[in-house]
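Dear colleague,

Please find below the structure that I promised to send, followed by a summary of what was found in it.

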Amino acid sequence: MIEHRISVARDAAQLPALTRFLKEFWSAAGLPPAESVKFELALEEVFINVVMHGSPAAGTQVEVSVILCDGGLTLMVENEGPAFDPLLLPAPNVAASLEERKVGGLGVFLVRQMMDAISYQRVAARNQLRMTKRLSAGGASPRVAPGV
């Protein structure tokens with residue numbers, strides 16, 4: 001098992017640092033490059049939702065973990081603040097015309113479509129969203145690189 005964490009301010013300006021963190025982990029672990037886009041998009045959607053919809057009085061840090069274990073990768077996003085389970089949001093009507101669609105909810109929908117498993121827990125006054133996906137065997141074999 002390989003696990004790395006980063007903690008950043010709850011600020012949209014931190015998104016490039018999170019993307020860089022994920023890309024560096026991906027490269028050092030020798031993961032299939034074609035599958036990184038799904039994780040980058042999932043991280044962006046979840047992080048920006050925390051930034052935009054989190055309580056201003058809530059904690060200012062967001063912790064992101066990536067865990068590589070048994071051919072799968074787990075991306076976990078944690079933050080303080082009021083309990084909020086995005087998995088309880090109703091699925092958007094993707095068949096409706098743009099004029100008929102409600103604003104919001106599409107990002108969570110996309111994340112659910114891209115990942116094999118997604119779960120929410122409230123742990124010690126923190127929101128914890130865990131997203132897991134098996135990695136294809138056709139890519140590079142994951143490796144442990146120095147510093148990873």
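**Strands and salt bridges**

In the hairpin formed by S2 and S3, two residues lie between the strands, and Asp70 takes a positive phi near 50°. Please bear in mind that this is a predicted model.

The two strands of this hairpin, S2 and S3 (residues 72-80), run antiparallel and are joined by eight bridges. Within this pairing, Glu63 stands opposite Glu78 in S3. Strand S2 (residues 61-69) also pairs with strand S1 (residues 2-9), again in the antiparallel sense and over eight bridges. Here Glu3 has Ile67 in S2 as its bridge partner.

The count of salt bridges comes to seven. Arg5 forms one with Glu63, where the closest N and O atoms are 2.8 Å apart. Because Arg5 lies in strand S1 and Glu63 in strand S2, this pair ties together parts that are 58 residues apart in sequence. Arg5 also meets the side chain of Glu3 in a salt bridge (3.7 Å, N to O). Arg5 is partly exposed, with a relative accessible area of 44%; Glu3, at 36%, and Glu63, at 25%, are partly exposed as well. These three residues belong to a network of salt bridges that links Glu3, Arg5, Glu63, Glu78, Glu80 and Arg126.

Another salt bridge joins Asp116 and Lys133, with the closest N and O atoms 3.6 Å apart. Asp116 is in the loop between helix H3 (106-114) and strand S4 (117-123), whereas Lys133 is in strand S5 (residues 126-134), 17 residues apart. Lys133 is buried, because its relative accessible area is 11%, and buried means under 20%.

Yours sincerely

Terms used:
Residues are numbered from 1 along each chain as its sequence is written. This is a predicted model: local features need pLDDT of at least 70, side-chain atom pairs count only at pLDDT 80 or more; totals for chains, interfaces and linings use all residues. Side-chain values use heavy atoms; hydrogens and water are left out. Two strands pair if DSSP finds at least two bridges between them. Helices (H or I, at least four residues) and strands (E, at least two) are DSSP runs, numbered from the N terminus. A salt bridge is a side-chain nitrogen of Lys or Arg within 4 Å of a carboxyl oxygen of Asp or Glu. Buried means under 20% relative accessible area, exposed over 50%, partly exposed in between (1.4 Å probe, protein chains only).
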